[in-house]
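Thanks for coming. I have one chain to go through today, and I will start with a single residue before turning to the rest.

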Amino acid sequence: MAKSTLKNLKQLYVHELRDIYSAEKQITQALPKLAKAAQNQELKEGFEAHLEETKGQIQRLDQIFKRLGKSSTGEKCKGMQGLLEEGSDFIEEQEESAVADAGMIVAAQKVEHYEIAAYGSISRYAELLGFEEDLGLLQQTLDEEKETDEKLTELSDQINGEAQAGHDSESEEEAMETGSSAKSKRK
Ligand code: FE
Ligand code: FE
C-alpha cells in the first residue's frame, strides 16, 4: 500500500481533526449506554449532559472543517474504538452496583484524557497556524473535557467509597485467592 505522506503541520492538523471527529462520533454512540447502565443518579445525569455537550463539540468541528474547506470524514479513531470497547465489555459483564459505577468512571476518565491530549495538541497547531477562530472553538471544547474529567473525579470520591463498603461473598473469594497465591508463593 502506498504511504500517505503528510507534508506540513496544516495537513497533520486536518488529519488529527478527522481523528478526533471520528472519536467524538463514537462517543455519542457510547454515552447513552453508559447513562443507561449507571446506578448513581448524578453519574447518569452527568453522562446525559456530556452527550449533549459532545453534540456541540461535533458542531464546532463541523464549523472548522467548513472553514478549512475539508471533509470531516476519512479517519477511524482506533484508539477511541478500543477504549469504548473496553467500556462496553465492562458494562455487559457487570450488574448494577457502586463497583460497576466506579468502573464506568475510570472508563470515562480514560476517554476524557484521550480527548484532552488530542484537543491540547490540535489547539497548539491552530495557534501556530494562526487559525484564531479555530483556536477559540477548540479551547471551548478542551475546557469542557477538562471540566467533565473533574466532575468524574468528584463523583468517584463518593462512589469509590460506596464500592469499598460493598462486602459480600467476593471478600471470601478474595481471601481464598490471596490464601492460595500466598501458598503458591511459599512453594
Ligand atoms: Fe468530546
Ligand atoms: Fe468528552
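In which helix is the place of Thr-28? Thr-28 sits in helix H1. Before going on, I should say that this is a predicted model.

Staying with Thr-28, is this residue buried or exposed? Its relative accessibility is 15%, and because the cut-off for buried is under 20%, Thr-28 counts as buried. A polar atom of the Thr-28 side chain lies 2.6 Å from the backbone oxygen of Lys-25. Setting aside residues up to four places away in sequence, Thr-28 touches Leu-51, Thr-54 and Ile-58.

Now the helix that carries Thr-28. H1 covers residues 9–37, which is 29 residues. From its first C-alpha to its last, H1 reaches 41 Å, close to the 42 Å expected at 1.5 Å a residue. H1 does have a kink of about 30 degrees, at Gln-29. The proline Pro-32 follows shortly after that kink. At the start of H1, Asn-8 places a side-chain oxygen within 3.2 Å of the backbone nitrogen of Lys-10.

Stepping back to the whole chain. How many helices and strands does the chain have? There are 6 helices and 0 strands, so the order of elements from the N terminus reads α-α-α-α-α-α. Of the 187 residues, 39% are buried. The accessible surface is about 11400 Å², with 49% of that belonging to carbon and sulfur atoms. Taking contacts between residues at least 6 apart in sequence, 80% join residues at least 24 apart.

Next, the metals. Which residues are the protein donors of the iron ion, ligand 1? They are Glu-24, through two OE entries, Gln-57 through OE1, and Glu-115 and Glu-145 through OE. These donors lie 2.0 to 2.3 Å from the ion. Along the chain, their spacing is E-x32-Q-x57-E-x29-E. Glu-24 in helix H1 and Glu-115 in helix H4, residues 98–129, are 91 residues apart, and the pair links distant parts of the chain. Glu-24 and Glu-115 are both buried.

The iron ion that is ligand 2 is coordinated by His-50 through NE2, by Glu-112 through two OE entries, and by Glu-115 and Glu-145 through OE. The distances here run from 2.0 to 2.6 Å. The spacing for this ion is H-x61-E-x2-E-x29-E.

How far apart do the two iron ions lie, ligand 1 and ligand 2? They lie 3.2 Å apart, and Glu-115 bridges them. Glu-112 and Glu-115 both lie in helix H4, 3 residues apart, about one turn of the helix. An α-helix has 3.6 residues a turn, so residues three or four places apart point the same way. Both Glu-112 and Glu-115 are buried.

A few words on H4 itself. Its 32 residues should span 46 Å at 1.5 Å a residue, and the end C-alpha atoms are 46 Å apart, which agrees. At the start of H4, a side-chain oxygen of Ser-97 comes to within 3.3 Å of the backbone nitrogen of Val-99. Just after H4 comes Gly-130, with a positive phi of about 75 degrees.

H5 covers residues 132–165, with 34 residues. Its reach from first C-alpha to last is 50 Å, close to the expected 50 Å. H5 has a kink of about 30 degrees, centred on Ser-156.

The last stop is Asp-62, which lies in helix H2, residues 41–68. Is Asp-62 buried or partly exposed? With a relative accessible area of 33%, Asp-62 is partly exposed. Leaving aside neighbours within four places in sequence, Asp-62 is in contact with Tyr-21 and Ser-72. With Tyr-21 there is a polar contact from side chain to side chain, at 2.9 Å. Asp-62 and Leu-17 are 45 residues apart in sequence, and their C-alpha atoms are 10.0 Å apart in space.

To recap the two residues I dwelt on: Thr-28 is buried, whereas Asp-62 is partly exposed. As for the metals, Glu-115 bridges the two iron ions. That is what I have.

Note on methods:
Residues are numbered from 1 along each chain as its sequence is written. Chains are lettered from A and ligands numbered from 1 in the order in which they are written. This is a predicted model: local features need pLDDT of at least 70, side-chain atom pairs count only at pLDDT 80 or more; totals for chains, interfaces and linings use all residues. Side-chain values use heavy atoms; hydrogens and water are left out. Helices (H or I, at least four residues) and strands (E, at least two) are DSSP runs, numbered from the N terminus. The expected span of a helix is 1.5 Å times one less than its number of residues. The bend at a residue is the angle between axes fitted to the seven residues ending there and the seven starting there. A polar contact is a pair of N or O atoms within 3.5 Å; within protein, one must be able to donate a hydrogen and the other to accept it, and residues adjacent in sequence count only if both atoms are side-chain atoms. Buried means under 20% relative accessible area, exposed over 50%, partly exposed in between (1.4 Å probe, protein chains only). Contact means heavy atoms within 4.5 Å. Accessible areas come from the Shrake-Rupley method with a 1.4 Å probe; for residues, only the protein chains shown count as cover. Donors are N, O and S atoms within 2.8 Å of the metal (3.2 Å for Na, K and Ca); water is not among the atoms, so sites may look incomplete.
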